[in-house]
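Here is a short report on charged side chains and a surface patch. Look at the model first, then read on.

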Amino acid sequence: MRPDLDLRAALDTRGAAILLTLSLFALAGTAALGGLLQPSLMEGRTSDVELTVVLMTLPLALILPAVIVPVVAGEWSDRSIQNTFLQRPGRAGVLGSKTLTALVLAAGIVLVTVLLALGATWVGGELLGEGAILSTLDGVLTTQLAVLGATVLLSLSMGILLQSTVLGIVAAIGIPFVVSTAGTLAVAFGSETLAEIVRALDLTAAAVALAEGRAGAFELLPLVLLVLLPAVLGTRRWMRREIA
């Protein structure tokens with residue numbers, strides 16, 4: 001595996017530079033919005049780091065798929081994967097290397113998110129309000145990281161399965177939206193059948209349940225259906241797909 005080559009290839013393009021710059025501005029702006037405005041909106045004029053991170057998960061639901069999917073599927077979309085396989089014949093090694101690269105990029109983005117949230121919350125609470133609440137960082141490191149982890153795993157599995165940048169990003173962003181909408185409809189219409197279907201596909205809720213240690217066997221179903229099964233099928237396709 002050569003994750004260093006894939007990391008350099010993923011970052012050394014004009015498109016990646018624009019995407020990462022816009023992502024950083026979006027995260028910084030959302031952190032400022034969450035951390036600095038909380039004292040003027042919250043009772044007690046405090047700023048809570050967990051609320052700041054919750055707000056930042058909104059742009060991350062778009063940023064993480066947009067960064068992760070092209071790493072594993074981009075070369076299939078622009079057909080440059082043929083050159084990669086000529087230079088590095090082991091397809092399994094290339095897939096493992098790209099997966100590791102995507103995870104490193106995702107970890108970097110999440111780390112930047114937490115640091116921005118801590119900074120904005122401290123500035124908002126200590127300088128503009130009556131105090132910053134940083135003790136809820138434990139909740140960030142469990143529940144919110146589980147939510148972000150679910151987004152990372154879904155993006156990876158869709159990229160590996162579909163091997164198309166556009167389709168992978170659409171699936172990684174669209175599936176949680178459809179599941180969330182279906183859950184709202186299930187509550188609105190009181191449909192237990194639809195609620196059970198949504199529960200079987202709600203990867204975010206399953207990840208939170210796993211992180212909080214209250215998951216049962218049913219909570220493993222979204223992980224199997226949306227992560228493990230697509231990853232296995234995508235890996236099989238990756239190993240056998242002909243290059244036109």
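## Salt bridges and a nonpolar patch

Arg 214 counts as exposed, at 54% relative accessibility (buried is under 20% relative accessible area, exposed over 50%, partly exposed in between; 1.4 Å probe, protein chains only). Its partner Glu 212 is partly exposed, at 41%.

This is a predicted model: local features need pLDDT of at least 70, side-chain atom pairs count only at pLDDT 80 or more, and totals for chains, interfaces and linings use all residues. Residues are numbered from 1 along each chain as its sequence is written, and side-chain values use heavy atoms, with hydrogens and water left out.

The structure holds 6 salt bridges (a side-chain nitrogen of Lys or Arg within 4 Å of a carboxyl oxygen of Asp or Glu). Three pairs are among them:

| Pair | Closest N to O |
|---|---|
| Arg 214 and Glu 212 | 2.7 Å |
| Glu 130 and Arg 45 | 3.8 Å |
| Glu 196 and Arg 199 | 4.0 Å |

Glu 130 and Arg 45 link distant parts of the chain, 85 residues apart. Glu 196 and Arg 199 both lie in helix α8, 3 residues apart (helices are DSSP runs of H or I, at least four residues, numbered from the N terminus). Asp 6, Glu 75, Arg 88 and Lys 98 are linked in a salt-bridge network.

Arg 91 sits in helix α5. Arg 91 is buried yet has no salt bridge; Glu 242, the nearest side chain of opposite charge, is 8.7 Å away. The Arg 91 side chain reaches the backbone oxygen of Arg 241 at 2.8 Å.

How values were computed:
Helix = DSSP H or I, 4+ residues; strand = E, 2+ residues; numbered from the N terminus. Lys, Arg positive; Asp, Glu negative; His and termini not counted. Polar contact = N/O pair within 3.5 Å; in protein donor to acceptor, adjacent residues only side chain to side chain.
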